[in-house]
Amino acid sequence: MKLPTLLMCAVMLVFMVPPQVSAKRYIVGGTFGWASSGVNFTVWVSDKHFYLGDWLFFVYDRHQNNVLEVNKTNYENCNAEHPKANWTTGAGRDVVPLNQTRHYYFISGNGFCYGGMKLAINVVKPPPPPSASPVKNAAPPTSYRTNFVLPIAFAIGAVWDSFLSVLV
């Protein structure tokens, strides 16, 4: 196949693929990471919205800190005993999938919670996509033929044309 034909086929496929909603990755603490200094996690979380399917990425010094998920009472009291989950893998690069709509509470043990290393977030369902506003004097909607059949026909024609040029 010729390069222009391949390029044209690729462009056609891109326009035919429906857009996908993707989850968002949050590096906890931003450039400071999951650290005992430089970040106020209450302020860091204040302008963020956490949705089902997002995930948190904790980056920290593995020799000093850890990532413990606790209940609200243990979060408020910095109690690291009996955590709901210990997300610490030992590498200092831990991923927490936000796969339930609920409140999540994280602390760092070893006394760092008392210095502010704690994070509380609420995960909710993503908002529905915005609805289209009515348009006055709008053109008639495009047909199925215009949106799908014609681009496919052009792509098939381009592939057929390149196939014939190889045979000749």
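**Exercise 1. Determine which lysine has its charged end over the ring of W44, and which over the ring of Y75**.

Solution. The charged end of K48 lies over the W44 ring, at 4.5 Å from its centre. A charge sits over a ring if NZ of Lys or CZ of Arg is within 6 Å of the ring centre and within 35 degrees of the ring normal. For Y75, the residue is K118, whose charged end is placed over the ring 4.7 Å from its centre.

The model is predicted: local features need pLDDT of at least 70, side-chain atom pairs count only at pLDDT 80 or more, and totals for chains, interfaces and linings use all residues. Residues are numbered from 1 along each chain as its sequence is written, and side-chain values use heavy atoms, with hydrogens and water left out.

**Exercise 2. Classify the pair formed by W34 and F58**.

Solution. Seven aromatic pairs occur in the structure (ring centres of Phe, Tyr or Trp, its six-membered ring, within 6.5 Å; planes under 30 degrees apart stacked, over 60 edge-to-face, the rest tilted). In one of them, W34 and F58 are 5.0 Å apart centre to centre with 85 degrees between the planes, an edge-to-face arrangement. Both W34 and F58 are buried (under 20% relative accessible area, 1.4 Å probe, protein chains only). W34 also belongs to one aromatic cluster with F41, F58, Y104 and F106.

**Exercise 3. Explain why the pair of Y75 and Y105 is tilted**.

Solution. The ring centres of Y75 and Y105 are 5.3 Å apart and the planes stand at 45 degrees, so the pair is tilted. Y75 and Y105 are both buried.

Note on methods
Buried < 20%, exposed > 50% of the residue type's maximum accessible area, 1.4 Å probe, protein only.
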